[in-house]
Amino acid sequence: MAQHREAPVRQAAVTLHDVAAAAGVSKSTVSRILDERLPRSDSSTAQRVRRVAEELGYRRDQSAASLRRGKTLTIGVVVPRLTDTVMAMLYESLAHACQRSGRFAIVATTDDEPEADRTAAEALLQRRVDGLVLSTARSGDDFPQELAARGVPYVLALRTDGQSLSSVGDDKLGGYLATRHLLDLGHRRIGLIAGPGYASSARGRAEGYREAMAEAGATVDPAWVVTSTFGIESGADAARALMSLRPRPTAVFAVNDNTAIGALSAIEGLGLFVPQDVSLVGYNDIPIVSRLSTPLTSVRVPFDQIATAALDLLISGPAREHDRIRVAPPTLIPRRSTTTASPD
């Protein structure tokens, strides 16, 4: 005859009241000491409360605390697409920054379509996110101002409209560093795969390119500047256009790594070699570019720094008016895709 086994008794969760009773203090004192958002106290009482909480196995109920404060501790992130490694890296950095602050990030994608931006943002707001991080800002788009008028907390990341709270890389400096690197290698005919004009990131990098060329006294032939999207195929098309010029550029700066990868493929498809025939520089330094058959020189963007600053602006706001747009410096990472220019 089978023996009847009683179901195990489920132990009740340890509460703030339990910790307060064991530590001999009030419930409000325990709540204040264990609230990670507040400055940490190392008084004897605080040390005793934390020790008792650990011994009892107390775990803070974030959802209950959020409901009491009217907050969900959830941040909505809007990106063009997660198949774009840059946007995936930004989201991952934002997710880590949120985790460190006791928050959670959820993402929505838009295919970089303005109307889809609104739809994605509204879907996130319906889920009661505490604020939005938007990486989809476009020149001439009034959506950020609409959010501001509604009192929705938001911050722009990677791209800026020049007015909203923003956390970006120093795109002008990055474009300058990339072009200066090629100039220092002796190149003067430097093509630019310029990206889309609606993105402040692309415009800033193109501005840095022009500044470096002007500083070196190198005239920019308009045919050397080819607009593109941020995609691989668009980069390939732009590179083919540049390589058809006579004389063709001896070097190319592509304003993101995807277009640089497309350019590399197109250049080699034409029977040319990187860097022997054409030096090539990308931007963002996504992980794959160092693993290509010809490792790509690229401008590294500090995504973790940008994400941390974006979350800080969203939660705390700017310390001063001129702190509304935080700019993180990039770094040039030279690899085998660039070399000294051959004499004509």
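**Two sheets, their helices and the cores between them**

In helix H9, the buried residues are Ser200, Ser201, Ala202, Gly204, Arg205, Ala206, Gly208, Tyr209, Ala212 and Met213. This comes from a predicted model, so every value here is read from computed coordinates. What do the buried residues of H9 pack against? Their partners are helix H8 (171-184) plus four strands, E6, E7, E8 and E9. The length of H9 (residues 200-215) works out nicely too: its 16 residues should span 22 Å at 1.5 Å a residue, and the end C-alpha atoms are indeed 22 Å apart, which agrees. Right after H9 comes Gly217, with a positive phi near 75°.

The strands that H9 packs on belong to an open sheet. This sheet has 6 strands in the order E7-E6-E8-E9-E10-E12, and its pairing is mixed. At the edges sit strand E7 (225-226) and strand E12 (331-333), each of which pairs on one side only. Helix H11 (residues 257-269) packs on this sheet as well, touching strand E6 (190-193), strand E8 (251-254), E9 and E10. The direction of H11 makes about 155° with that of E9.

Strand E9 deserves a look of its own. Is E9 enclosed or open to the outside? Since 6 of its 6 residues are buried, E9 is largely enclosed by the rest of the structure. On one side, E8 and E9 run parallel and are joined by 3 bridges, with Val252 having Leu280 in E9 as its bridge partner. Strand E9 (residues 279-284) also runs parallel to strand E10 (residues 297-300), this time through 4 bridges. In that pair, Val281 stands opposite Thr297 in E10.

Further along the chain, Arg335 turns up in the segment after E12. Does Arg335 count as buried or exposed? Its relative accessibility is 19%, and the cut-off for buried is under 20%, so Arg335 counts as buried. The Arg335 side chain makes a 2.8 Å polar contact with the side chain of Asp285, and also reaches the backbone oxygen of Leu296 at 2.8 Å. Leaving aside residues up to four places away in sequence, Arg335 touches Asp285, Val289, Ser290, Pro295, Leu296, Thr297, Ser298 and Arg300. Thr297 is thus touched by Arg335 and stands opposite Val281.

The other sheet is also open, with 6 strands in the order E2-E1-E3-E4-E5-E11, and here the pairing is parallel. Its edge strands, each pairing on one side only, are strand E2 (104-109) and E11. On average, neighbouring strands are turned by 20° against each other, direction ignored. Helix H5 (residues 85-100) packs on this sheet and touches E1, E2, E3 and strand E4 (154-157); the direction of H5 makes about 155° with that of E2. Within the sheet, 4 bridges hold strand E1 (residues 74-79) to strand E3 (residues 131-134) in a parallel pair, and Val77 stands opposite Val133 in E3.

At the E11 edge, strand E5 (residues 166-169) pairs with E11 in the parallel sense over 4 bridges. Ser167 stands opposite Arg326 in E11. Strand E11 (residues 325-328) has two faces: Arg326 and Ala328 are on the covered one, while Ile325 and Val327 are on the uncovered one.

Which residues have the most contacts inside the largest nonpolar core? In that core of 70 residues, they are Val133, Ile193 and Phe253. Beyond residues up to four places away in sequence, Ile193 touches a long list, including Val226, Ala239, Leu242, Val252, Phe253, Thr259 and Ala263. A second, separate core has 14 residues, among them Ala108, Phe143, Leu147 and Leu156. For contrast, take Glu115, which lies in helix H6 (residues 114-126). Glu115 has 55% relative accessibility and therefore counts as exposed. Its C-alpha is 27 Å from that of Ile193, with their positions 78 residues apart along the chain.

Finally, helix H12 (residues 303-316) has 14 residues and reaches 20 Å from its first C-alpha to its last, close to the 20 Å expected at 1.5 Å a residue. Its buried residues are Phe303, Ile306, Ala307, Ala309, Ala310, Leu311, Leu313 and Leu314. H12 is followed by Gly317, whose phi is positive, near 80°.

How values were computed
Residues numbered from 1 in each chain as written. Heavy atoms only, no water. Pairing = 2+ DSSP bridges. Contact = heavy atoms within 4.5 Å. Axes fitted to C-alpha atoms, helices over the stretch in contact; angles between N-to-C directions. Expected span 1.5 Å × (residues − 1). Buried < 20%, exposed > 50% of the residue type's maximum accessible area, 1.4 Å probe, protein only. Polar contact = N/O pair within 3.5 Å; in protein donor to acceptor, adjacent residues only side chain to side chain. Core = buried A, V, L, I, M, F, W, Y, C linked by side-chain atoms within 4.5 Å.
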